[in-house]
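Me: I should like a close look at a single strand in this model, together with its partners and the loops beside it. Please set it in the context of the whole chain before turning to the detail.

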Amino acid sequence: DFKAIADAGCNTFFQWDRYTATNAGQHLAVAKRHGLEGVSLLETGWPRYKDADLKTPGQLLAPHEAARICADSRMGDLQLRGHLVRSKASAQEKAAVYAEYYGKSVSAAERMIASVRDNDNFLAYNSFDEPFDDSLFKTTNILGALFQLTRRVDGYHPVMLNYSSHIPAGDQYVTCCDILCTDPYWVPDGDPSWGVRATPNFVSKIVAWTDRRAAKFRKAVWTIPLGWTWGGCRKRGLNALEQDCQCFLAIIHGSKGFFWFCYPMPETGWNNLKATIAKVKIIGPMAVQPKVAQRVRHSRATEPATMYVEAPFIPEKDAYPDVQGRVFRAPNGGFVLLAANSQYYPVIATFTIEGLSGKVARIFADAELAVRDGVFGETLEPFAVRAYRLGARLQEPVVLSIAALRPAVVPPAVTSFRHNVRTDRKNVFPNPSFEEETIPGLADYYM
């Protein structure tokens, strides 16, 4: 629903339908009426496997594997990968099948590019979604060829490539796009087996890694945050605080653009997402301004301690400060500090910025905080976000210190039953009476 997307505050529509005949541009005409830009799949209109007259499956795969592919009415990269992952053929044989199908799809890709490139609201192409590494078949050969195809047939619009959180090692996985994207889906109230992925720090980790990989080749960084839920969520979807928190963390660590994948979501989830989008529309333009030169130091203590210890951001070791933040430029001038409490418990946050004086104003609240000797602070609720206007007098590099004071008693994190099973109860079904509602109106485990 283009109108719903536009009314929610979004400015771009992502065409996910692979089965549009040959004219992906038909979506752009409707999107334009609602003021939306468009991103289109390069796989649009590619031949169905059963119609592609593929020879290599019969030559290189087991008969039942070849028959399954050649009878399949689906198309595109993702489903072919599914077939080949299950195959017992060698990586070289799988690569030959994969390459043949791509060769049969080149003309369709050229038609797709021709159908969108001249639309004034067309923004970018999307390459394959969540591609594998080269161990199963030479994925990057096809990604590189597809990237060069867009350069040859269009030469102007960028190509986006989305990985499922993990980007394989090697420059070839980054150089085949203009926009490097990841979808760091996490699991609210996840069981302990999820580790950091049961917290919004997973977003911090993946976006920071993506930004690091992109910087080497000056690629733009986009993120697909969790919209409501995904296959890993067993208990519930995101609440409003978590939705804000993950998006602030993504911007803090380098994201320059968001898409939210629209899994079906209840009205509560949609309303929460719209509220977050309203905030992103305000802070998002700050993310694409020239970077502020800065040095950021994190520390923490636990009440009643008064001695703070270093709490560095080291995603490789899953070490994360409670409060994460960064200084940005405001489009209309001056500096803004974005900060987020990535924890499920409240902390007292203290911010120290060399040269800061007077007062700071909160963007999303009618409140000002006094600054004394460059220091200000307040309590940040669980998963709270803040945007502070710092004025325009700071000198670069900005020296920022963020200290978090934890409560003396921190309750254990809320988790879910692994595999949705209460192994210690006679009735193994979780929440059997539908009375437990972490999100009002929505029974836990029955989304």
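Reply: The account below begins with the protein as a whole and then turns to strand β16 and its surroundings.

The model is a predicted one. It contains 10 helices and 16 strands. For a chain of 447 residues, a compact globule would be expected to have a radius of gyration near 22 Å, and the value of 24 Å found here agrees with that expectation. The C-alpha trace extends over about 75 × 60 × 40 Å along the principal axes. Of the 447 residues, 52% are buried. When contacts between residues at least 6 apart in sequence are considered, 71% of them link residues at least 24 apart. The accessible surface amounts to about 20200 Å², and carbon and sulfur atoms contribute 54% of it. As for charge, there are 51 positive and 46 negative side chains, with the centres of the two sets 2 Å apart.

Against this background, strand β16 covers residues 398-406. Eight of its nine residues are buried, which means that the strand is largely enclosed by the rest of the structure. The cut-off behind this reasoning is a relative accessible area under 20%.

Two pairings of β16 can be described. With strand β7, residues 294-302, β16 runs parallel, and nine bridges join the two. Within this pairing, Thr302 has Arg406 of β16 as its bridge partner. With strand β11, residues 347-353, the sense is antiparallel and the pairing comprises six bridges. Here Phe351 is matched with Ile402 of β16. β16 thus has a parallel partner in β7 and an antiparallel partner in β11. As a general point, side chains in a regular strand alternate between the two faces of the sheet.

The loop that leads into β16 comes next. It connects β15, residues 385-391, with β16, and Gln395 is placed in it. Gln395 has a relative accessibility of 63% and therefore counts as exposed, in contrast to the eight buried residues of β16. Gln395 also lies 7.5 Å from Gly355, C-alpha to C-alpha, although 40 residues separate the two in sequence. Pro397 belongs to this loop between β15 and β16 as well. The peptide bond that joins Glu396 to Pro397 is cis, with omega near 0 degrees.

A cis peptide bond is also found beyond the parallel partner, β7. This bond joins Glu303 and Pro304, and its omega is about 5 degrees. Pro304 is situated in the loop between β7 and β8, the latter being residues 309-310.

Two residues with unusual backbone signs complete the picture. Asn420, in the segment after β16, is not a glycine, yet its phi is positive, near 60 degrees. With a relative accessibility of 26%, Asn420 counts as partly exposed. Asp373, in the loop between β13 (368-370) and β14 (375-380), likewise has a positive phi, about 55 degrees, without being a glycine. Asp373 is exposed, its relative accessible area being 81%.

In summary, β16 is a largely enclosed strand that is joined to β7 by nine bridges and to β11 by six. The loop between β15 and β16 holds the exposed Gln395 and Pro397, the latter joined to Glu396 by a cis peptide bond.

Note on methods
Residues are numbered from 1 along each chain as its sequence is written. This is a predicted model: local features need pLDDT of at least 70, side-chain atom pairs count only at pLDDT 80 or more; totals for chains, interfaces and linings use all residues. Side-chain values use heavy atoms; hydrogens and water are left out. Helices (H or I, at least four residues) and strands (E, at least two) are DSSP runs, numbered from the N terminus. The radius of gyration is taken over C-alpha atoms; the globule rule is 2.2 Å times the number of residues to the power 0.38. Buried means under 20% relative accessible area, exposed over 50%, partly exposed in between (1.4 Å probe, protein chains only). Contact means heavy atoms within 4.5 Å. Accessible areas come from the Shrake-Rupley method with a 1.4 Å probe; for residues, only the protein chains shown count as cover. Lys and Arg count as positive and Asp and Glu as negative; His and the chain ends are not counted. The place of a charge is taken as NZ of Lys, CZ of Arg, CG of Asp or CD of Glu. Two strands pair if DSSP finds at least two bridges between them.
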